[in-house]
Amino acid sequence: MQPCSAKKIIADAEKLCIQRGVRLTAQRAEVLRLMIEHPHAISAYDLLDKLRISEPQAKPPTVYRALDFLLEQAFIHRVESNNSYVVCPHFDHPSHTSMLLVCDQCASVTERPAEGVEKWIREQSTESGFTLRHSIIEAHGLCQQCSAILQCEDPEHCHHDHHNIVEPKRKVGRA
Ligand SMILES: [Zn+2]
Ligand SMILES: [Zn+2]
Ligand SMILES: [Zn+2]
């Protein structure tokens, strides 16, 4: 996410918190800011390392409490499959099912609306007498950038960053 939009996102979050009668403390806002500035999904421990730059006394519970609050307010989503967190790009919609497209190469997460699926999940839950609290749909694969790099045939002269790219395992029996 663009660093220049961080201020606006935090201002929006502050406004929503006032409307909801909850408090976006300086620490919670700082955790949100660090997440906005981080281009990809981030783990709680990486977040703690970043938080310790401004708050050396911060401990894991500090981060988890802030994350719980941000999750409760639906400002962020948890990427269950790799245990990381990502800022929601449209957090003025308090409870929504989102589809997270998780890149297995660079760990970038793109959120896409999942309205049709949301309705279907709700119907299935109701039919089963299940009380639905929240649901997240995760799809794994390669983001646009990583798939372009993997398909690149001229690594010597291209503009891609070919570092850290792991070639996918070829299927047995295929050339
Ligand atoms: Zn979202
Ligand atoms: Zn990627
Ligand atoms: Zn290339």
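This passage looks at helix H4 and at three residues with positive phi in a predicted model. Local features are taken only at pLDDT of at least 70 and side-chain atom pairs only at pLDDT 80 or more, while totals for chains, interfaces and linings use all residues. Residues are numbered from 1 along each chain as its sequence is written, with chains lettered from A and ligands numbered from 1 in the order in which they are written.

Helix H4 takes in residues 60-72, 13 in total; helices here are DSSP runs of H or I with at least four residues, strands are runs of E with at least two, and both are numbered from the N terminus. From first C-alpha to last, H4 reaches 18 Å, close to the 18 Å expected at 1.5 Å a residue (1.5 Å times one less than the number of residues). Its buried residues are Val63, Ala66, Phe69 and Leu70. They sit on the same side of H4, because they cover an arc of only 125° around the axis, taken from the directions from the helix axis to the C-beta atoms. Pro60, Pro61, Asp68 and Glu72, on the other side, are exposed. Buried means 20 or more other C-beta atoms within 10 Å of a residue's own, exposed 12 or fewer, and partly exposed in between, with C-beta atoms placed from the backbone.

Just after H4 comes Ala74, with a positive phi near 60°. Asn83 has a positive phi too, near 55°, and lies in the loop between strands S1 (76-79) and S2 (84-87). Asn83 counts as exposed because it has 11 C-beta neighbours inside 10 Å. Ala107, with phi about 65°, belongs to the loop between S3 (98-103) and S4 (109-113); it is partly exposed, with 17 other C-beta atoms within 10 Å.
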